[in-house]
Amino acid sequence: MVSPAAEPARTIPVLPSPDIAVSRDFYRAQLGFDVVGPEMEDYLIVRRNEMEIHFWKSEDRRLPETSSCYIRGGEVPALHAEFSARGVERLSAFTVRAWNMKEFYVWDPHGNLLKFGCAPEEV
C-alpha cells in the first residue's frame, strides 16, 4: 500500500453547475459515477475509478457552456461503448481527430463538455 504522502499529485477539474442535484443525477445515472463525500447544495464530488470531477454551484448559467475537461487513457474505448449502450444523450461519435487522438465527447445537462480521448494505437 502506498502511503498518502507518496502518492503523486493529481489534477482534478472543477466545473460550474447551476443545479448540483441535476449534475449529481446525470453523472450517477448516465455516466456511472459515484458521489464522494457528503451531499451538499453548493458542491459535488463524483468519482469513477481514477476519474474524479468536482462541481461548484454557479448562478451564471453561461459558465458551463464554456467549460470542459479532458479525460485520457486506455479505458476510453470501453467507456464509449458503455455510454452508447446506456443511451447517453449528447454523445458524439468516437473518431480520430486532426491532432491524432481518438476522441468522443459528452455534454452534461448544463453544457459542460467532457472530452474523452486516447491514442489511436490504444484502441
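Four bridges join strand 1 (residues 14-17) to strand 4, and the two run parallel. Strands (E, at least two residues) and helices (H or I, at least four) are DSSP runs, numbered from the N terminus, and two strands are taken to pair if DSSP finds at least two bridges between them. The model is predicted, so that local features need pLDDT of at least 70 and side-chain atom pairs count only at pLDDT 80 or more, whereas totals for chains, interfaces and linings use all residues. Residues are numbered from 1 along each chain as its sequence is written, and side-chain values use heavy atoms, with hydrogens and water left out.

Strand 1 and strand 4 belong to an open sheet of four strands, with the order 1-4-3-2 and mixed pairing. The edge strands are strand 1 and strand 2 (34-35), each of which pairs on one side only. Strand 3 is joined to strand 4 by six bridges, in an antiparallel arrangement. Strand 2 and strand 3 also run antiparallel and are joined by two bridges; here V35 has V46 of strand 3 as its bridge partner. W56, a residue of strand 4, is the bridge partner of P16 and also that of Y43.

Strand 3 (43-48) and strand 4 (51-57) are connected by a loop that contains N49. In this hairpin, which has two residues between the strands, N49 takes a positive phi near 55°, although N49 is a residue other than glycine. N49 counts as exposed, at 53% relative accessibility; the classes used here are buried (under 20% relative accessible area), exposed (over 50%) and partly exposed (in between), with a 1.4 Å probe and protein chains only. A positive phi, of about 60°, is also found at N100, which is not a glycine either. N100 is placed in the loop between strand 6 (95-96) and strand 7 (102-107), and is partly exposed, with a relative accessible area of 47%.

Strand 4 is mostly covered, five of its seven residues being buried. The largest nonpolar core has 23 residues, and those with the most contacts inside it are Y27, L31, I53, V106, L114 and F116. Such a core is a set of buried Ala, Val, Leu, Ile, Met, Phe, Trp, Tyr and Cys residues joined through side-chain atoms within 4.5 Å. Two or more residues are given to this core by each of helix 1 (20-29), strand 3, strand 4, strand 5 (68-72), helix 2 (76-86), strand 7 and strand 8 (113-118). With residues up to four places away in sequence not counted, I53 touches I12, P13, L15, Y27, F33, L44, I45, V46, C69, I71 and L114, contact meaning heavy atoms within 4.5 Å. In soluble globular proteins, nonpolar side chains tend to be buried together.

At the surface, V14, W56 and L63 make a nonpolar patch of about 230 Å². Patches consist of residues with over 30% relative accessible area and no salt bridge, nonpolar side chains (Val, Leu, Ile, Met, Phe, Trp, Tyr) being joined within 5 Å and like charges within 9 Å. Accessible areas come from the Shrake-Rupley method with a 1.4 Å probe, and for residues only the protein chains shown count as cover. W56 is partly exposed, with a relative accessible area of 33%.

A search of the whole structure finds 10 salt bridges, each defined as a side-chain nitrogen of Lys or Arg within 4 Å of a carboxyl oxygen of Asp or Glu. The side chains of K57 and E59 meet in one of them, at 4.0 Å from N to O; K57 is partly exposed at 31%, whereas E59 is exposed at 66%. D60 forms a salt bridge with R62, the closest N and O atoms being 3.2 Å apart. Of this pair, D60 is partly exposed at 27% relative accessibility and R62 is exposed at 61%. In helix 2, R86 and E82 are separated by about one helical turn because they are four residues apart, and their side chains meet in a salt bridge of 2.9 Å, N to O. R86 is partly exposed at 38%, as is E82 at 22%. A network of salt bridges links R24, D25, R28 and E39.
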